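Opening my notebook on this one. I wanted to look at the cysteines, the metal site and the pockets, in that order.

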Amino acid sequence: MTGRGELAAVAESNPFRAAILLLADSLVALGPHRAADIEASTLSGLLPIDRDYLLVQLSSITFGGPRFQTVECPGAECGHRLDIRFDLRSIEAGHRSVSDRVEATLDNSRSVVFRLPSSGDQAALYGMDNRGDNNTGDTDSTQQADELLRRCIMRGSEPGSADIRDVLEQGPAVRLRLGAALAAASPELDTALELTCIHCKQPFKFVYEPVLTLMDELRASRKALMKEVHYLAFYYHWSYTEILNLSRPMRREYLDLLDQELRGQSGGVAV
Ligand SMILES: [Zn+2]
């Protein structure tokens with residue numbers, strides 16, 4: 001992860017789009033693609049499970065595998081806070097579902113085929129459930145389901161198979177059910193930890209969220225990044241672009257050297 005990727009991700013308020021930008025900056029190779037031709041549009045086609053797995057790897061090589069996190073017991077009477085430790089390197093790629101499409105039959109007996117939602121679809125749909133510009137009488141979740149169906153519909157293989165107009169003519173319950181079927185068919189990375197509260201002894205599940213956790217971490221460390229860039233520019237006189245091109249571990253290594261050097265003179269740079 002370079003400073004350039006970190007800043008690009010932090011500048012984007014949609015976390016799913018930010019994740020795509022960060023991966024586009026960080027990937028050296030992806031299948032037949034090499035860094036120079038890996039763009040956000042290339043990565044928008046990835047399934048969310050693949051994007052999440054790549055983010056876990058990126059977090060792991062940047063920050064290290066072992067993670068420490070404070071979680072709250074969900075017990076209604078409890079709410080005890082627990083410090084947990086887990087290792088990102090133990091998260092496995094998992095098994096892909098057999099089919100990459102979902103077939104359904106509408107009320108008018110026409111068949112319809114959808115592809116699975118991608119990372120790009122997830123980014124496009126982010127925030128639709130609370131945009132508050134709903135004048136159609138539909139609920140926000142129906143609008144979100146409709147947008148997902150619009151994006152994922154494919155041409156059916158049978159003659160006379162349904163198109164998006166047929167789908168949107170269905171009642172809200174059917175459209176919501178189709179949207180839910182697409183979500184249910186999408187494979188997910190298994191990032192769940194089974195925990196037991198040390199206070200009330202209730203077992204509960206904690207799910208690590210690769211996108212939201214990483215984006216929160218990067219937002220929280222933006223100020224520190226700016227300070228690091230400032231120190232390197234101030235002492236080494238490298239250009240802004242050169243400094244942002246450094247990976248986070250390289251940046252830290254130079255700052256450590258600088259700190260040791262200056263400590264001998266005047267007390268360090270305290271980074
Ligand atoms: Zn508890």
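**Cysteines, metal, pocket**

I began with C197, which has a relative accessible area of 1% and is therefore buried, the cut-off being under 20%. Worth jotting down before going on: this is a predicted model.

Next I asked what C197 is doing there, and found its SG among the protein donors of the zinc ion. The others are the SG atoms of C73, C78 and C200, and the donors lie 2.3 Å from the zinc ion.

What geometry do the four donor atoms make around the zinc ion? I looked up the angles: they run from 107 to 112°, so the arrangement is tetrahedral. For reference, I noted that the ideal angle for four tetrahedral donors is 109.5 degrees.

Then I checked the sequence spacing of the donor residues, which reads C-x4-C-x118-C-x2-C. The pair C73 and C200 links distant parts of the chain, 127 residues apart. I placed C73 in the loop between strand 3 (66-72) and strand 4 (81-87), and C200 in the loop between strand 8 (192-196) and strand 9 (203-207).

Buried or partly exposed, I wondered, for C73 and C200? C73 has 3% relative accessibility, so I put it down as buried. C200 comes out at 28%, so that one goes down as partly exposed.

With cysteines on my mind, I also looked for disulfides, taking sulfur atoms within 2.5 Å as the rule. The count is zero.

One more cysteine to look up: C152 sits in helix 6. Its relative accessibility is 0%, so C152 counts as buried. I also pulled a C-alpha distance for C152 and P117: 6.4 Å, with their positions 35 residues apart along the chain.

Last stop, the pockets. The largest pocket has a volume of about 820 Å³, and 33 residues line it. Which of them lie nearest its centre? I got F16, P48, R51, Q122 and E188.

I sorted the lining of the largest pocket by class and got 19 nonpolar, seven polar and seven charged residues. As for where the lining comes from, helix 4 (48-63), helix 5 (119-125), helix 6 (140-152), helix 8 (172-185) and helix 9 (210-220) each supply at least two residues. So ends the entry.

Technical notes: Residues numbered from 1 in each chain as written. Predicted model: local features only at pLDDT ≥ 70, side-chain atom pairs only at ≥ 80, totals over all residues. Heavy atoms only, no water. 1 Å grid on protein atoms, 1.4 Å probe; cavity = no way out; pocket = protein on both sides within 12 Å on 5 of 7 lines; lining within 4 Å. Points joined across faces, edges and corners; volume = space filled by probe spheres on them. Helix = DSSP H or I, 4+ residues; strand = E, 2+ residues; numbered from the N terminus. Nonpolar A, V, L, I, M, F, W, Y, C, P; charged D, E, K, R; others polar. Donors = N, O, S within 2.8 Å, 3.2 Å for Na, K, Ca; no water. Tetrahedral: all angles 85-135°; square planar, octahedral: opposite > 155°, others 65-115°. Buried < 20%, exposed > 50% of the residue type's maximum accessible area, 1.4 Å probe, protein only.
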